[in-house]
Amino acid sequence: EFFYGRNNSWRIQNSNFQKNGRINAEDAIRVSSNTFMAAMIGERLAKRGEDGLKTWDEWMSKFGLGEYTGSGLPGEHRGIKDYEHEAKNASILSALVRAAWGQQAKYTTLQLAQYATMLANRGSRLKPQLVEKIVGPNGSIEYEFKEAEVLNRVEIKDEYWDIVHRG
């Protein structure tokens with residue numbers, strides 16, 4: 001369990017009340033530890049106040065969460081950053097300890113697929129490619145997509161990518 005807030009009156013638990021004991025980042029990813037993420041990421045960022053919230057938002061944006069995917073699909077939605085609302089109406093601490101384990105935002109399926117691809121390929125956010133080729137009425141290939149277009153790249157140390165992949 002992780003307690004936070006005034007007089008430690010708020011509590012976050014792991015799914016199914018799972019107890020993990022002392023774990024590192026790799027294990028926290030592997031077991032999807034809400035309490036680790038809340039304590040080690042959310043609370044630490046919250047101690048930085050507005051700057052911590054801004055840092056969180058910048059990283060979400062780098063990974064394409066809360067941003068347009070570049071798909072060109074009509075009516076695409078950027079998602080909802082509930083952590084902004086929570087920070088304004090409750091507290092930055094509440095917003096970030098919840099956001100750190102996957103709450104406080106609603107993203108589209110395509111954004112999440114793009115994000116998962118970034119984790120797998122170590123940081124390249126690719127423009128979604130919805131078709132392999134465009135074929136004309138006579139069967140001729142009008143256009144064939146060759147290489148994925150990189151929208152942006154997140155540069156972090158290889159040792160951190162290794163932790164994510166092992167987790």
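Start by selecting F17: with 57% relative accessibility, this residue counts as exposed. You will find F17 in the loop that runs between β2 (10–12) and α1 (25–31). Keep in mind as you look around that this is a predicted model. Now add I80 to the selection and draw a line between the two C-alpha atoms. F17 and I80 are 63 residues apart along the chain, and their C-alpha atoms are separated by 28 Å.

**Zoom out to the whole chain**

Switch to a cartoon view and trace the chain from its start. Seven helices and six strands make up the secondary structure, and their order along the sequence is β-β-α-α-α-α-α-α-β-β-β-β-α. The C-alpha trace spans about 70 × 35 × 30 Å along its principal axes. If you turn on a surface, you are looking at an accessible area of about 10800 Å², with 50% of it belonging to carbon and sulfur atoms. Of the 167 residues, 31% count as buried. Try displaying contacts too: among those with a separation of 6 or more, 59% come from residues 24 or more positions apart.

**Two residues with a positive phi**

Next, select N7, in the loop between β1 and β2. Most residues other than glycine have a negative phi. N7 is not a glycine, yet its phi is positive, at about 55 degrees. Is N7 buried or exposed? Its relative accessible area is 72%, so N7 is exposed.

Move along to S32, in the loop between α1 and α2. S32 is another non-glycine residue with a positive phi, again about 55 degrees.

**Into helix α2**

From S32, step forward to N34, which belongs to helix α2. N34 has 9% relative accessibility and therefore counts as buried. Show its surroundings: leaving out residues up to four places away in sequence, N34 touches I12, Q13, N14, S15 and W101.

Now colour the buried residues of α2. They are N34, T35, F36, M37, A38, A39, G42, L45 and A46. What covers them? The cover includes β1 (2–4), β2, α1, α3 (50–62) and α5. Show those elements one at a time around α2 to see how each contributes to the cover.

**Where α2 meets α5**

Select α2 (residues 34–46) together with α5 (residues 92–99). Their axes come within 8 Å and cross at roughly 150 degrees, which makes α2 roughly antiparallel to α5. The crossing of the pair is right-handed. Which residues make the contact? On the α2 side, show A38, G42, E43, L45 and A46; on the α5 side, show I92, L93, L96 and V97. Sorted by class, this contact holds seven nonpolar residues, one polar and one charged.

**The other neighbour of α5**

Keep α5 on screen and bring in α3. The axes of α3 and α5 come within 10 Å and cross at roughly 30 degrees, and the two helices are therefore roughly parallel to each other. This crossing is left-handed. To see the contact, select E50, G52, L53 and W56 in α3, then I92, L96 and A99 in α5. Five of the contact residues are nonpolar, one is polar and one is charged. Leave I92 and L96 highlighted for a moment: both take part in the contact with α3, and both also appear in the contact with α2.

**A stop at E76**

Jump to E76, found in the loop between α3 and α4 (82–89). With a relative accessible area of 22%, E76 is partly exposed. Setting aside neighbours within four places in sequence, E76 is in contact with Y68, T69, G70 and S71. For a sense of distance, pick R6 as well: E76 and R6 are 70 residues apart in sequence and 40 Å apart in space, C-alpha to C-alpha.

**Last stop: α6 and α7**

Finish with helix α6 (residues 109–121) and helix α7 (residues 158–166). Their axes come within 9 Å and cross at roughly 115 degrees. Show M118, L119 and A120 from α6 and W161, V164 and H165 from α7 to see where the two helices meet. The residues of this contact divide into five nonpolar, one polar and no charged.

Terms used:
Residues are numbered from 1 along each chain as its sequence is written. This is a predicted model: local features need pLDDT of at least 70, side-chain atom pairs count only at pLDDT 80 or more; totals for chains, interfaces and linings use all residues. Side-chain values use heavy atoms; hydrogens and water are left out. Axes are lines fitted to C-alpha atoms, for helices over the stretch in contact, and angles run from 0 to 180 degrees between N-to-C directions. Helices (H or I, at least four residues) and strands (E, at least two) are DSSP runs, numbered from the N terminus. Angles under 35 degrees count as roughly parallel, over 145 as roughly antiparallel, 65 to 115 as roughly perpendicular and the rest as oblique. A crossing is left-handed if the near helix is turned anticlockwise from the far one by less than a right angle, and right-handed if clockwise. Contact means heavy atoms within 4.5 Å. Ala, Val, Leu, Ile, Met, Phe, Trp, Tyr, Cys and Pro count as nonpolar, Asp, Glu, Lys and Arg as charged, and the others, Gly among them, as polar. Buried means under 20% relative accessible area, exposed over 50%, partly exposed in between (1.4 Å probe, protein chains only). Accessible areas come from the Shrake-Rupley method with a 1.4 Å probe; for residues, only the protein chains shown count as cover.
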